[in-house]
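Colleague: I would like a close look at a single part of this model, one strand and what surrounds it. Please take it step by step and then place it against the other parts.

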Amino acid sequence: MGLVTLLDERSQWARASEVLKLGDTPREAAFCVHAIRQSGLLVVKDAMMDDRFASNPLILAEPTLRFYAGVALETSDGHQFGTLSVIDTMPRILTAEQDMTLRVLGHQVSARLELAMQRQTLDRALVEREATQASLRASEELFRAFMNASPFLSYIKDAAGRLLFYNKSFAQRFGISEYAWLGRTDEQLWSRKLTKSVRAHDLEVMASGRIVESEEHIRDADGTVSSLRSFKFPCHDSAGNLLLSGVAVDISEEVAHKLELERYQRELEEANDQLRRLAVTDELTGLRNRRAFEERLVMEFSMARRRKRDLAVLLIDVDDFKAINDRFGHAAGDEVLRRLGMILRTTVRLPDLPARYGGEEFAILLPECGEEGAMGLSRRIMQRVATEDWENDPLTISIGMAAMNESLENGFQLVDMADDALYAAKRAGKNRAMAHSAE
C-alpha cells in the first residue's frame with residue numbers, strides 16, 4: 001500500500017512528514033488496511049485513544065503516529081489498489097472542507113492512476129499489434145508457399161462469390177491451372193442446384209461471423225466422388241471488405257471406414273439379437289426355452305402373490321414318444337415336436353407363455369388364470385391334438401395342471417405340483433389331463 005502524506009499550510013504537518021520516515025509498513029500494522037476495508041473516508045483523530053490501534057507498533061514507537069485520515073483508491077469497476085492518506089504526530093480533527101478535499105483528491109488520484117494503467121496497456125497492445133502486422137507482412141510469401149505445399153484445399157472468395165485465391169491442392173483436385181478460375185463465380189463453375197446450395201451456405205457463414213464446419217461431397221476431375229470436411233469462415237482484406245475463406249480436407253477414407261464400422265455395428269447388433277433370441281428360444285419348436293419360462297415364472301408368481309391374482313401351470317408330455325423315435329426315426333419325432341409347438345402357440349391366450357420344457361415335455365404359464373380356465377385350455381389342446389392330421393400314428397398327450405394357492409412360497413413349487421399331476425395322468429392311462437390334488 002502506498003502512503004502519501006498531504007501537507008497543509010501549518011508547519012506541524014511538515015515536521016510530522018520529516019519525522020515519520022515510515023518506508024514499507026507491514027500489512028498487519030498499516031492503517032491503510034482499515035481504510036480499504038471500509039467505504040468512504042477513514043479518520044482516526046487520536047490513534048492512542050482508538051482500541052483498534054492501541055497496540056500498533058506505529059503508536060508504541062517514536063515518533064508516535066497520532067492522527068490518520070485515508071481514503072481507498074479504486075478502479076472504475078471497484079477494484080481497490082491502494083490508499084491516499086494524511087498523517088501527523090499530533091491528534092487532529094478534519095474540517096468539512098478538508099474532509100471533502102481528501103475525498104475529491106482520492107477520486108482524482110484513482111482516475112489518473114487508472115488512466116495511466118490503461119494507457120500502459122494500450123501502448124503495449126499497440127506495440128504488439130505493430131509487431132504482429134510487421135511479422136505478417138514479412139511472412140506473406142512464406143504463408144503462400146505453405147498454402148501451396150499443404151495437403152488441404154484452400155480458397156478465398158469475395159462477397160459476390162468470385163474466387164480471389166486457391167492453392168495448388170484445390171487446382172489439382174479439379175484439374176485446372178493455378179490461375180484458371182480466378183475471378184470466376186459459383187454460377188460459372190457449378191451446376192444450378194449446387195450453386196444455389198453453395199451460395200446459400202457462403203452467405204450464411206459470412207453473416208454468422210464464425211467458423212462453420214460441414215461435410216461436402218464433390219466430383220473430382222476424374223469423375224470420382226470425394227468426401228471433404230470443409231471449414232468456412234469470414235475474414236476481411238486490408239480495405240475492410242468482407243471475404244469468405246475456406247479450407248477442406250479429404251475424408252473419403254474416413255467416411256468409407258465409418259460406413260464400414262456402421263455396417264459392422266449393424267451386423268453385430270443383428271448377431272447379438274440373434275444370440276439373445278437363441279438364448280431364450282427353443283430352436284426346434286420356436287417356443288421359449290426352459291430358461292425363459294423359469295425367468296417369467298419367477299416374475300409372474302411374485303406379481304400374483306403380491307396382487308392376490310390367479311396363476312396356473314400346465315405340464316404337457318407326449319405319450320410314448322420314445323416309441324415314435326424308435327419306430328419312425330428321430331426326424332419324425334422332431335416333426336411331432338414342431339407341430340405340437342405350433343398347436344400350443346396358436347391355442348393359448350395372448351398373455352400365456354408356452355415353452356419347450358425339455359425333451360418331449362412342454363410347459364404353459366397361465367397368468368390370471370385359475371383351475372377352471374386352465375383345465376378348459378387343457379381340453380382345447382387335447383382336442384387340437386386329436387384332430388391334427390399326423391403323418392404317422394395318431395398322437396396323444398398327457399397334461400398335469402396346478403393352480404396358485406396361498407401355501408406356495410415360489411413358482412417352482414407350482415411346477416412341481418403340475419409335474420405330480422402329470423405323472424398321475426400317466427399312471428391313470430395317459431391321454432388325459434389331471435389337476436393337482438391337495439390330498
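Modeller: A residue counts as buried when its relative accessible area is under 20%. The model is predicted, and the part I take is strand E11, residues 361-367. Seven of the seven residues of E11 are buried, so the strand is largely enclosed by the rest of the structure.

The burial can be split by face. In a regular strand the side chains alternate between the two faces of the sheet. In E11, one side carries Glu 361, Ala 363, Leu 365 and Pro 367, and the other carries Phe 362, Ile 364 and Leu 366. Both sets are buried, and both faces of the strand are therefore covered.

Next come the strands paired with E11. Strands of a sheet pair through backbone hydrogen bonds, either parallel or antiparallel. Strand E9, residues 311-318, runs antiparallel to E11 and is joined to it by seven bridges. Within that pairing, Ala 312 has Leu 366 as its bridge partner, and Leu 314 stands opposite Ile 364. Strand E10, residues 353-358, is also antiparallel to E11, with five bridges. Here Gly 358 is the bridge partner of Glu 361. E10 and E11 form a hairpin with two residues between them, and Gly 359 in the turn has a positive phi of about 60°.

These strands belong to an open sheet of five, in the order E10-E11-E9-E12-E13, with mixed pairing. E10 and strand E13 (433-435) stand at the edges; each has a single partner strand, so one side of each is left without a neighbour in the sheet. On average, neighbouring strands of this sheet are turned by 20° against each other, direction ignored. Helix H11 packs on the sheet and touches E9, E10, E11 and strand E12 (397-403). The direction of H11 makes about 10° with that of E11.

H11 also has a helix as a contact partner. Two packed helices are described by the angle between their axes and the distance between the axes. The axes of H11 (residues 330-347) and helix H12 (residues 371-387) come within 10 Å and cross at roughly 135°. That makes H11 oblique to H12. The crossing of the two helices is right-handed. On the H11 side the contact involves Leu 340, Met 342, Ile 343, Leu 344, Thr 346 and Thr 347, which meet Leu 377, Arg 380, Ile 381, Arg 384 and Val 385 in H12. By class, the contact of H11 with H12 has seven nonpolar, two polar and two charged residues.

For reference, here is another sheet in the chain. Five strands form an open sheet in the order E5-E4-E8-E7-E6, and the pairing is antiparallel. The edge strands are E5 (163-166) and E6 (212-219), each of which pairs on one side only. The average turn between neighbouring strands of this sheet is 25°, direction ignored. Strand E4 (residues 153-158) and strand E8 (residues 242-250) run antiparallel and are joined by six bridges. In that pair, Asp 158 stands opposite Leu 243 in E8. Helix H7 (residues 192-208) packs on this sheet, touching E4, E6, strand E7 (225-236) and E8, and its direction makes about 40° with that of E7.

The loop between helix H6 (168-174) and H7 holds Asp 186. With a relative accessible area of 2%, Asp 186 is buried. Apart from residues up to four places away in sequence, Asp 186 touches Lys 157, Gly 161, Thr 195, Val 198, Arg 199 and Asp 202. The C-alpha atoms of Asp 186 and Met 404 are separated by 79 Å, with their positions 218 residues apart along the chain.

Strand E3 (residues 80-88) can be set beside E11. Seven of the nine residues of E3 are buried, so this strand is also largely enclosed by the rest of the structure. Strand E2 (residues 67-74) pairs with E3 in the antiparallel sense over eight bridges, and Val 71 stands opposite Leu 84 there. The hairpin of E2 and E3 has five residues between the strands, and Gly 78 takes a positive phi near 90°.

Notes. Residues are numbered from 1 along each chain as its sequence is written. This is a predicted model: local features need pLDDT of at least 70, side-chain atom pairs count only at pLDDT 80 or more; totals for chains, interfaces and linings use all residues. Side-chain values use heavy atoms; hydrogens and water are left out. Axes are lines fitted to C-alpha atoms, for helices over the stretch in contact, and angles run from 0 to 180 degrees between N-to-C directions. Helices (H or I, at least four residues) and strands (E, at least two) are DSSP runs, numbered from the N terminus. Angles under 35 degrees count as roughly parallel, over 145 as roughly antiparallel, 65 to 115 as roughly perpendicular and the rest as oblique. A crossing is left-handed if the near helix is turned anticlockwise from the far one by less than a right angle, and right-handed if clockwise. Contact means heavy atoms within 4.5 Å. Ala, Val, Leu, Ile, Met, Phe, Trp, Tyr, Cys and Pro count as nonpolar, Asp, Glu, Lys and Arg as charged, and the others, Gly among them, as polar. Two strands pair if DSSP finds at least two bridges between them. Buried means under 20% relative accessible area, exposed over 50%, partly exposed in between (1.4 Å probe, protein chains only).
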